[in-house]
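Q: Please take one part of this model and look at it closely, following the residues outward from there into the rest of the chain. I would like a single connected account, with the numbers kept where they help.

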Amino acid sequence: RGLGMWSRDRGAEPDDSVTKSMIIGNRRSGIYHIPGQVGYRRVSKRNRVYFTTEKEAASAGYRKAKR
């Protein structure tokens, strides 16, 4: 029925001016990237989770990308 976790509307993605300073977590791999890292923009849009701090990402169970 497209309800709950099966909904296609999973919340609006922040606009580019906001995401440039945000940490992007990869929902699939459990790894987060900070701005300037190689994989920062390579995370597919459907797997992105946004965080404002590294502490927030780590508390959610994500680990920092190695490069």
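A: Strand β1, which covers residues 23–26, is joined to β2 by three bridges, and the two strands run antiparallel. The model is a predicted one, and what follows should be read with that in mind. Between β1 and β2 there are four residues, the two strands forming a hairpin, and in its turn G30 has a positive phi of about 80°. Two of the pairings across this hairpin can be named: N26 faces I31 in β2, while G25 has Y32 of β2 opposite.

On its other flank β1 meets β3, again in the antiparallel sense, this time over four bridges. Here I23 has F51 of β3 as its bridge partner, and N26 is bridged in β3 by R48. N26 therefore has a partner on either side, I31 in β2 and R48 in β3, with a buried position at a relative accessible area of 15%, under the 20% limit.

These pairings belong to an open sheet of four strands, ordered β3-β1-β2-β4, in which the pairing is mixed. Because β3 (48–51) and β4 (63–64) occupy the edges and have a single partner strand each, one side of each is left without a neighbour in the sheet. As general background, the strands of a sheet pair through backbone hydrogen bonds, in either a parallel or an antiparallel arrangement. In the chain as a whole there are two helices and four strands, which follow one another along the sequence as α-β-β-β-α-β.

The two faces of β1 are both covered, with I23 and G25 buried on one side and I24 and N26 buried on the other. A similar description can be given for β3, where R48 and Y50 point one way, V49 and F51 point the other way, and all of them are buried. From these strands one can move on to the nonpolar cores. The largest has six residues, namely I23, Y32, V49, F51, A57 and Y62. Apart from that core lies another, of five residues, which include M22, I24, Y40 and Y50. Within the six-residue core, A57 is in contact with I23, Y32, F51 and Y62, its neighbours within four places in sequence being left aside.

Returning to N26, which is found in strand β1, its surroundings can be described in some detail. Not counting residues up to four places away in sequence, N26 touches I31, V43, N47 and Y62. A polar atom of the N26 side chain also lies 3.3 Å from the backbone nitrogen of S29.

Across the hairpin, strand β2 spans residues 31–33 and contains H33. Because its relative accessibility is 12%, under the 20% limit, H33 counts as buried. Among residues more than four places away in sequence, H33 touches I23, I24, G39, Y40, V43 and A65, and V43 is also one of the residues touched by N26.

Beyond β2, the loop that leads on to β3 holds Q37, which counts as buried because its relative accessibility of 14% is under 20%. The side chain of Q37 reaches back to the backbone nitrogen of I34, at 2.9 Å. With residues up to four places away in sequence not counted, Q37 touches Y32, K64, A65 and R67. For Q37 and A65, which are 28 residues apart along the chain, the C-alpha atoms are separated by 8.2 Å. A65 is also among the residues that H33 touches.

Set against the whole chain, this part can be placed with a few totals. Of the 67 residues in the protein chain, 34% are buried. Contacts in the protein chain between residues at least 6 apart in sequence include 51% that join residues at least 24 apart. The area exposed by the protein chain is about 5300 Å², of which carbon and sulfur atoms supply 50%.

Key. Residues are numbered from 1 along each chain as its sequence is written. This is a predicted model: local features need pLDDT of at least 70, side-chain atom pairs count only at pLDDT 80 or more; totals for chains, interfaces and linings use all residues. Side-chain values use heavy atoms; hydrogens and water are left out. Buried means under 20% relative accessible area, exposed over 50%, partly exposed in between (1.4 Å probe, protein chains only). Contact means heavy atoms within 4.5 Å. Two strands pair if DSSP finds at least two bridges between them. Accessible areas come from the Shrake-Rupley method with a 1.4 Å probe; for residues, only the protein chains shown count as cover. A nonpolar core is a set of buried Ala, Val, Leu, Ile, Met, Phe, Trp, Tyr and Cys residues joined through side-chain atoms within 4.5 Å. A polar contact is a pair of N or O atoms within 3.5 Å; within protein, one must be able to donate a hydrogen and the other to accept it, and residues adjacent in sequence count only if both atoms are side-chain atoms.
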